[in-house]
Amino acid sequence: MKKLIFSCLLFVFAASASFADVLIPEFAFTGEDISKFSVAPSYMDVSLSFNVASGFDTYIQQESFKLENTQEKEYTSAEPGGMYSGSFGTSLSSVFVGERAYRNNIVKNFIRKEYIQVIDSYGRYKLKLAGTPYEQECTLLYGLSLMETGNLSGGSDILKGVIKSGGAAGDIASDSLFSYYFQTKNYPAVIAAGKEQAKFTEYSLYTYLYSLMQRKEYAEIEAAASSRKELFEKHPYMYDFAVVADYLLGKPDAVARLADKASANTAPLIADTLISRGDKAGAAKLVGSMPEGEAKNVLNAKLAILDKNVNKAAELAALLKVDENRLNVFFFYVSNMFPALDASFGDRIKFSKNANKDFVNYYNGLSAMAGKDYRSAVRRLDSIIFNRELIESAYFYRGIAYFRMDISKTEFLLLKYIDSSEDNEKEKIARYVLGQIYYLRGRTADALMLVEDCFTDDCKLLKAEISIGAQKYEAAEDFIGTIQGEKASKLRAAILYNKKDFEGALAELKKVPNPEAETDYLLMLTYLKLDMNEEAVRIYRKHFSDMKFFDTLTENLFLAGDYKRVLALLDATNSEPKNLLLRAKVYTSMKRYQDAEPLYRSLIAKNYAIFDSVYGLLSGYAARNMKTEFLKTGEMSLTGLGTFERKDFLLIQAARLAIDLKEIDLATKMVNRFFSEFPDSQYTREGYLLRGRLFKNTGRLEQCIADADRLMAMGESREDALFLKADCTEAKDSAAAVKIYKELTESDRFRELANSKIAEVSKNPADVLKSAEYFKEKDTELYYAGMDRYLSLLGGADLLKNEQVVKDMLASKHVAIMPGAYFNQGRVLEEKKQPEQAAAMYMKSYYLFPESKYAKQSLRKTVDIYKKLGKTKEAKVLEKKLSGK
């Protein structure tokens, strides 16, 4: 019974061949994958290049003009003229004698790009320029000359010093430094300088913002817009940088707040942001003011999608000229409408590139999967053949979709996905699904390998399920841990059931709100284990058409002895052989042999369950001591039924019954037939043991010992063979038998039996005492029986030493040992030279227990004492009792 239930349990939770039980997590079809792919519309390519004049360029242009329209000697003469009476830059205006000549010389050389000469002149005139109005201007030109000649570090340090001095020269120095870096596209240098800049000019801030944009440092642009608000307000084009930065940072609220700063550059971005926020009115206003073109059509298509006007959106999408805009509209449609996609929307968009058409099949395939239209999903996903990224992503979804149609293809596709995927989450799901498939196919090692590094709840439960199948219940419990849910409860129930904690299993099963058939099956088994048979029957009635429930229920109730309930479940009109057999077994168990007999005979006539039917008849006849019918049926099984399943076992079982009935001839025939027909039977061990028993019963001790030796030579049932050999050896050599029994006292199975045999057979008092004492705390009757045998082997002083044992036997008042106790007390008193008291003990043994083995011994002992005491008359009376007169 135990084996039957256990195997059923493993079928329920560990070896079911039904792939319908494979769990596909729902989150595999939705979530971020719907917006996994994206493409920027063409209006994202915003031009942020503005024509901003540098203060340094203005200064150079002015000085160049003066140089070209003035005598060169005015720039080189030691004594200056007076023609430079105008302004310099924004405030450098006056031309003075001496210092101005040095300044003019430096300016002239710089304009002519004679930078080495500038450096030389500055070195010669630096002290003379110190403290003059020309000092910062000349220092500025000196620093730039250093940079132009390759000394970038030294030149930039000089310029930064001029910048810190402030004033007009500081502004020009600022513009010159930023201009130098900007013209060489050294955007990191512009950014580094900008982060140190205390005061920006328009030009330096513009180049700083432009460089940040090129380096994608959008957060810094956002910070600059906040900290340089005055310049942004003075030069509104700078807000274009802020709009683009916020847009790319994914800050729709910040973009929306700049809607009133929209320019031709940024209006599409702001409108797109308003659309994404659902502000249709604000977006429509901006879009309406835009010129006709690609950007306007993209945004109007998105507005139509928000209005769920799919036809208008498709018409507008058809006007788009580039794939990036078509894709942008399609992705917007997917993100807003998934999973209820109209497959025709994507099909109406005419992409230039085949790789982009794959996006339509991809998302329409996912939509079909979400709607559980797996055939359409497979058709769509199988059509993806150009876009490599989509092909690899589709392996996963194709594998899931094919699960309902072609498990082998699912296995192939999920393996492909695992091999190429970089999506950890999807890979875990693929491993989990594939692991379940492998597990259900019996590939437990492969299943475990797939989910070894997966620690999601689903993977842990799969590992637990595999562990249950391997009977590793502690490991299974560790995997489940504190996970809650239906599957966790079912697996806990399976673990607890197998660990024989049926109350715990029942508690877990009651947590399952909508149990399917397999869970109800375990619930029924659990109720049966708890002897809650009525509840088990209630569960069966929910699945009365499922023969697994019926067979298991009736089998368990039968083995539990609930025969009336089994008969109530069996339909008397149902003549199906297996039900007839069960009914017959129930009748046999209820000792209604006359009702069972016709059922067994009808089954034999149908050639069904011959073993059970014949054995049922034989056991019924044996129970009623109907030897004639037993012999007829036994002979029939030998000659009239031919070969049938388990005939070898029937011969063994029938032989045992025959021995019990003392029908030794029939038993011998059956054993001989067993060895002649089934020399290789799995029951050969039982055959030898049974034949050995027959040999012993018929006095053929050598043959009995030979069979025992054969068993040991085969390596089969050594302990059973030893006991058989000792049992057969006992009659011819008790000492040799005792030696074997001593060896068997080391056996868990035979320890008690071997000790009882030693106490019964051995002639060595020490051996008998040791074996008797083995039972002292285990079996009082066997203990005193052994001590009685021990006392019987003693005499004289040895007997007197054990007087207390005799007293303990008398004190126990155990009926089975009292005759021997009185007898041995008589012996003790004789040894103590107290014959009259001894005779009294012997007579007590005789009169109180006249049928015991000690009765006659007690009379003989008393007769001897009376004769010694001269009580001749009394002795003769007792002698008459002994002779039966």
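This talk goes through the overall make-up of one protein model, then its disulfides, then one serine.

The model is predicted, so local features need pLDDT of at least 70, side-chain atom pairs count only at pLDDT 80 or more, and totals for chains, interfaces and linings use all residues. Residues are numbered from 1 along each chain as its sequence is written, and side-chain values use heavy atoms, with hydrogens and water left out.

I start with the whole protein. Its secondary structure consists of 53 helices and zero strands. Helices here are DSSP runs of H or I with at least four residues, strands are runs of E with at least two, and both are numbered from the N terminus. Of the 885 residues, 51% are buried. Buried means under 20% relative accessible area, exposed over 50%, and partly exposed in between, with a 1.4 Å probe and protein chains only.

About 43000 Å² of the protein is exposed, and carbon and sulfur atoms supply 49% of that area. Those areas come from the Shrake-Rupley method with a 1.4 Å probe; for residues, only the protein chains shown count as cover. As for contacts (heavy atoms within 4.5 Å), take those with a separation of 6 or more: 53% of them are between residues 24 or more positions apart.

Now the disulfides. A disulfide is a covalent bond between the sulfur atoms of two cysteines. The rule applied here is a pair of cysteine sulfur atoms within 2.5 Å. How many disulfides does this rule give? The count is two. With bonded cysteines counted along the chain, the pattern is 1-2, 3-4.

One disulfide joins Cys454 to Cys459, with an S to S distance of 2.0 Å. Its torsion about the S-S bond is about 80°, so this disulfide is right-handed. Both Cys454 and Cys459 are buried.

The other pair is Cys704 and Cys728, with S to S at 1.6 Å. This pair links distant parts of the chain, 24 residues apart: Cys704 lies in helix 42 (residues 701–714) and Cys728 in helix 43 (residues 718–729). The link is right-handed, with 65° about the S-S bond. Cys704 counts as buried because its relative accessibility is 0%. Cys728 is also buried, with a relative accessible area of 0%.

Last, the serine. Ser393 sits in helix 23, which covers residues 388–402. Is Ser393 buried or exposed? Ser393 is buried, because its relative accessible area is 6%. Its side chain makes a polar contact of 2.9 Å with the side chain of Tyr362. A polar contact is a pair of N or O atoms within 3.5 Å; within protein, one must be able to donate a hydrogen and the other to accept it, and residues adjacent in sequence count only if both atoms are side-chain atoms.
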